[in-house]
Amino acid sequence: MSSPLTLPATKAARPRTALVAVGAALIAATYLYLVLVQPAEIAEGIGGTSSLITLFGFLGGGALLVAGILPSLSTSSLVLMPLGIALNIAIGQTAGSLGLQIYLDAIGTVLVAVLAGPAAGAATGALSNAIWGLFNPLALPFAAGAALIGLLAGTAARYGMFRRVYLAPVAGLLVGAVGGLVAAPVAAFMFGAAGTVGTNALVAAFRAVGDSLLVAATKQGLTSDTIDKLVVFTLVALLAYALPRRSRAQFPFLRRYRVLAGRTGSATGR
Amino acid sequence: MPRRRVFNPLTELLAAALLVVLVLVVNTWQFSLAVLVAAVVPGVLLSGKPRQIALAIAVTAGPLLLSSFLLHGLFFPEGTTVLAEWGPARVTAEGLQFAALTGLRLAVFTGVLLTAALTVSIPELVSTLTHRGWNRRLVFVVGSAVGLLPHVAERARRITRAQQARGLVVGGSVPSRVRGLLMVSVPLVTGLLIDAAERTQLLEARGFSSPGPRTSYLPDTDTAGQRTARWLLAAGVLGFACAWYAVGAGR
Amino acid sequence: MIRLECSSFAYDGGPVVLSGVDLAVEPGALVHVVGPSGSGKTTLARLLAGQTGAGNGAQFRGALTLGTDRLGFTGGPGDPRIDPAAWSSTVAYAAQRTEGQLSMMSATVAEEIAFGPANRGMPAGELRAAVQATAARLGLTDLLNRDPRRLSGGQLRRTIIAAAVVGNPRVLILDEPFQGLDADARAEVARTLEVLRAAGTALVICAPMLPGAAPGRSRVLALVSGRPVFDGTLGQARTAGLERYAIGTEGSAPDVLRDPRGWAAAAPASGFSVKAGGPLAELAGVSFSYRGEGTRGQAEVLRGVDLRVDPGDIVGLTGANGSGKSTLLQHLNGLLRASSGTVAVAGRPLGRRTATGRLAGAVGFLFQDTDQQLFERTVLREVAYGPAAAGAGREAAQGRARTALAAVGLGHAAGEHPYELGFVERRLVAFASLIASGPAVWVLDEPTAGLDLRGRNRVGELILGHAAAGGAVVLATHDGAFAGALCTRILELKDGRILSGGARRGAGGA
């Protein structure tokens with residue numbers, strides 16, 4: 001039964017675990033370093049060193065994650081990624097130019113994560129910010145945070161947080177809190193916590209009561225990111241449920257973990 | 001008018017990235033200012049589209065600079081030299097200095113990277129990555145994402161018009177805005193996903209999963225000299241950074 | 001060469017969409033697979049292309065034979081998995097939706113054509129030669145440096161065909177290659193296909209209607225509801241009475257009932273009211289140019305157009321691509337605003353600030369690409385959107401939606417998901433949305449493009465019924481037979497001007 005026209009029995013490509021682990025460790029170490037060691041330095045002006053560490057740790061970690069994940073993705077997940085990235089940039093750019101307090105730049109990432117799983121979501125998030133960096137360099141250092149959002153969104157989808165429309169905002173709230181914590185040191189050490197007019201007002205309010213820059217940025221991140229991800233997750237849930245059955249059928253992740261309630265259930269079994 | 005290309009996109013992007021690293025390593029306002037005046041400004045002027053790039057830089061970095069000055073100029077609790085005070089807001093010398101340093105660095109960061117990115121020809125970059133044997137999946141995601149961007153924007157515009165023709169009025173209350181957003185994004189995302197399903201089949205049929213290296217239709221504009229230069233540049237900046245920190249100037 | 005035996009095919013445990021098909025394609029053959037929307041043409045095309053849907057929950061029972069290799073399928077997990085890359089080197093496929101057929105990573109047509117061989121690692125020199133040879137053969141040499149996302153419909157189709165055949169496959173499967181194309185573009189694509197056939201490539205062309213011009217000895221397989229109802233030569237097919245299955249011939253006049261009582265009840269469905277006297281819409285001295293689009297200056301697309309639309313009018317606009325038809329139509333509901341001249345709808349002039357959305361109740365617009373507007377989860381909610389947005393209550397809006405759906409013949413589909421319907425039904429859903437909003441003026445851009453015989457007749461009857469009830473219709477079309485049979489006036493546009501005034505004719509073209 002070996003015709004040149006057929007493929008051999010499937011052996012699913014596995015992610016390169018070592019690369020993924022090193023990437024994740026690098027990101028975690030960078031974050032811990034920034035939070036634990038640096039706050040003292042900020043009073044004398046931001047050190048170039050901490051900016052460098054932020055840039056290399058988060059970008060390098062993101063690159064390793066992508067390198068580890070990409071070979072394991074199916075073609076249908078792969079095709080979805082550019083689409084998610086284009087949606088992120090198109091919508092994020094619009095929201096940014098409108099001066100909103102929220103960013104809305106993760107709709108594509110979360111959509112890919114829900115349809116194709118956490119790995120595809122993480123890779124989409126990281127690459128999205130890397131590519132956006134070509135048009136808006138300020139997005140570049142947030143790549144690791146974006147990857148984390150994709151990873152968590154996919155995990156939430158896998159464990160049924162999208163099976164009910166009212167659960168999605170809850171998941172968004174939690175993921176947003178984590179995302180805000182991770183993004184805060186980047187905002188503080190790379191950009192002195194400057195952002196859009198909306199986010200700045202928040203930072204200014206926290207600074208006015210005497211918070212340090214990192215603490216103010218963290219509080220601002222916790223506020224904006226939770227609201228942002230709450231909105232994003234809700235929108236993605238509405239979008240996913242509006243999809244026709246046939247477009248949902250192309251994503252094995254949706255079937256295997258019964259991500260969405262109702263008609264896509266694994267009626268056909270294995 | 002596209003300028004005459006001197007170097008391969010990969011070389012230019014790497015040079016820009018290394019310049020940013022240098023600025024962060026040296027970390028003095030004098031050096032940042034020097035890079036801004038000696039590298040970014042001529043780069044923009046010689047780019048062949050100075051107005052477009054200047055506008056992009058202004059749009060990206062401008063609001064950030066402004067808000068940075070407002071934020072740190074008015075609220076900098078660590079500051080001791082108070083120049084003026086209104087209620088909770090205090091203008092401090094340290095705050096202004098902090099804002100200037102951060103702002104200058106931001107300006108260099110966006111200026112250098114945007115000038116490089118906006119003059120780079122993406123097809124040439126994608127082709128170079130292919131010729132250099134980068135992972136074809138990564139090259140596809142980058143190339144396809146950049147290629148989809150104008151397509152997505154154009155499609156969103158057409159859908160908005162179609163929905164207006166059947167009664168969507170843009171603006172108004174928050175619920176009606178949300179409904180408007182959904183009216184545009186549902187057909188947009190659904191259409192893109194249906195296309196993606198067909199593109200999946202297309203990629204498989206066109207042999208995208210084939211083993212071995214991909215080739216590119218576009219000629220290779222990279223040269224052995226530039227490849228060597230890239231390694232040398234990277235090594236040079238690394239060496240400089242080590243030396244800088246070893247001498248202790250980085251404190 | 002290739003043979004498909006399909007005893008049954010179903011998606012996801014759903015109903016069987018194709019069964020009882022045994023189709024063998026000989027080298028160099030020309031096969032037309034015809035059938036109304038939803039008859040299983042696309043499924044058949046995909047199976048021939050080796051897409052058996054394994055992994056997407058589809059069950060295929062039957063066999064595929066390519067050359068001497070016979071692959072049997074039982075619909076179970078042990079079925080063979082076809083290697084799409086190996087299959088496509090012999091059997092190439094060009095799918096229906098054009099945008100999904102672009103890799104989106106090519107900045108030029110040449111790179112898009114080169115995409116397949118480049119993936120397989122063809123050396124640069126050979127690659128250029130292969131692309132240039134294919135382009136020369138199919139008349140695409142002038143387009144090689146163009147952006148594939150900015151081509152006209154016909155050019156895009158030909159690019160996709162070129163990208164599919166650059167590896168010289170023996171068979172090419174095409175799913176509705178003429179969909180949405182005007183007469184000139186159709187001729188372009190037909191010429192391309194003729195070149196391929198002359199070179200010995202076997203062609204399988206899926207389309208809703210029998211071709212108007214093709215060798216009488218070519219083969220026809222007619223499908224209805226997933227089953228073959230006719231298999232023979234084109235000459236036999238023309239006299240086999242396929243009209244009873246709603247399979248017509250390209251370019252024939254629509255078969256609308258001449259008796260007004262038989263016209264679909266569009267007027268009560270839309271429930272519009274017309275004030276006595278005065279035109280429903282009027283353009284006076286309208287000129288228009290697109291601003292800020294590229295550097296090609298500001299060429300005027302419309303130059304001093306006058307058009308008066310009275311109750312009972314069915315105005316047909318004809319003219320080549322780029323003559324300004326679509327631009328003119330979009331002035332009628334304010335999507336475009338005249339650079340000079342005036343536009344009045346229902347006696348009131350359109351101001352600069354009149355939102356297009358507010359005009360939806362007065363002027364209904366059917367776009368050429370329907371899929372840009374479907375956004376609800378069920379057909380009923382989709383159609384009820386218009387009246388609801390205009391302020392009708394939920395019950396009233398749904399009532400009007402039901403009436404409109406019945407008028408287009410989709411009363412049974414109210415609970416379906418719009419995107420799960422076939423192309424023709426989706427188009428009719430969009431038409432029903434228009435009717436339900438109750439506008440007195442219908443503006444239709446290529447209303448018959450891609451429709452099957454039944455859909456085309458239905459649209460014709462709705463138009464006649466609307467005009468008879470005192471409404472007016474303005475339509476742009478390349479379907480000369482359709483316009484000739486329905487329109488009270490036919491205006492030809494050229495370079496932004498109305499060429500022929502178009503004498504007034506009796507309704508129904510009698």
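**Exercise 1. Work out how C:Asp175 fits into its sheet in this predicted model.**

Step 1. Start with the bridge: C:Asp175 has C:Cys206, in strand 10 of chain C, as its bridge partner.

Step 2. Now zoom out to the strands. Strand 9 (residues 171-175) and strand 10 (residues 202-207) of chain C run parallel to each other, joined over 5 bridges. As a reminder, strands in a sheet pair through backbone hydrogen bonds, in either a parallel or an antiparallel way.

Step 3. Place that pair in the whole sheet. The sheet is open, has 6 strands and mixed pairing, and reads 8-9-10-4-11-12 in chain C. Going from one strand to the next, the twist averages 15°.

Step 4. Look at the ends. Strand 8 (91-94) and strand 12 (227-233) of chain C each have a single partner strand, so each is left with one side lacking a neighbour in the sheet.

Step 5. Add the helix that packs on the sheet. Helix 5 (residues 153-165) of chain C touches strand 8 and strand 9 of chain C, and its direction makes about 160° with that of strand 8.

**Exercise 2. Decide whether helix 10 of chain C is mostly covered or mostly open, and find what lies against it.**

Step 1. Count: 10 of the 11 residues in helix 10 (residues 379-389) of chain C are buried, taking 20 or more other C-beta atoms within 10 Å as the cut-off. That makes the helix mostly covered.

Step 2. Put names to some of them. The buried residues include C:Val379, C:Leu380, C:Glu382 and C:Tyr385.

Step 3. Find the cover. Helix 11 (394-408) and helix 12 (423-436) of chain C are among the elements covering these buried residues.

Step 4. Check what follows the helix: C:Gly391 comes after helix 10 of chain C and has a positive phi, near 110°.

**Exercise 3. Describe the side of chain A that touches chain B, then ask how confident the predictor is about chain A.**

Step 1. Size the contact: 50 residues of chain A meet 57 residues of chain B.

Step 2. Sort by element. Helix 2 (48-69), helix 3 (75-97), helix 5 (118-132), helix 8 and helix 9 (213-242) of chain A each give two or more residues. Helix 3 of chain A supplies the largest share, 13 residues.

Step 3. Sort by chemistry: on this side of chain A, 33 residues are nonpolar, 16 polar and 1 charged.

Step 4. Bring in confidence. Chain A has a mean pLDDT of 84, with 86% of its residues at 70 or more. Among its elements, helix 8 (residues 197-208) has the lowest mean, 74, while helix 4 (residues 107-116) has the highest, 96.

Methods
Residues are numbered from 1 along each chain as its sequence is written. Chains are lettered from A and ligands numbered from 1 in the order in which they are written. This is a predicted model: local features need pLDDT of at least 70, side-chain atom pairs count only at pLDDT 80 or more; totals for chains, interfaces and linings use all residues. A residue is buried if 20 or more other C-beta atoms lie within 10 Å of its own, exposed if 12 or fewer, and partly exposed in between; C-beta atoms are placed from the backbone. Helices (H or I, at least four residues) and strands (E, at least two) are DSSP runs, numbered from the N terminus. Two residues are in contact if their C-beta atoms, placed from the backbone, lie within 7 Å. Two strands pair if DSSP finds at least two bridges between them. Axes are lines fitted to C-alpha atoms, for helices over the stretch in contact, and angles run from 0 to 180 degrees between N-to-C directions. pLDDT is the predictor's confidence in each residue, from 0 to 100. Ala, Val, Leu, Ile, Met, Phe, Trp, Tyr, Cys and Pro count as nonpolar, Asp, Glu, Lys and Arg as charged, and the others, Gly among them, as polar.
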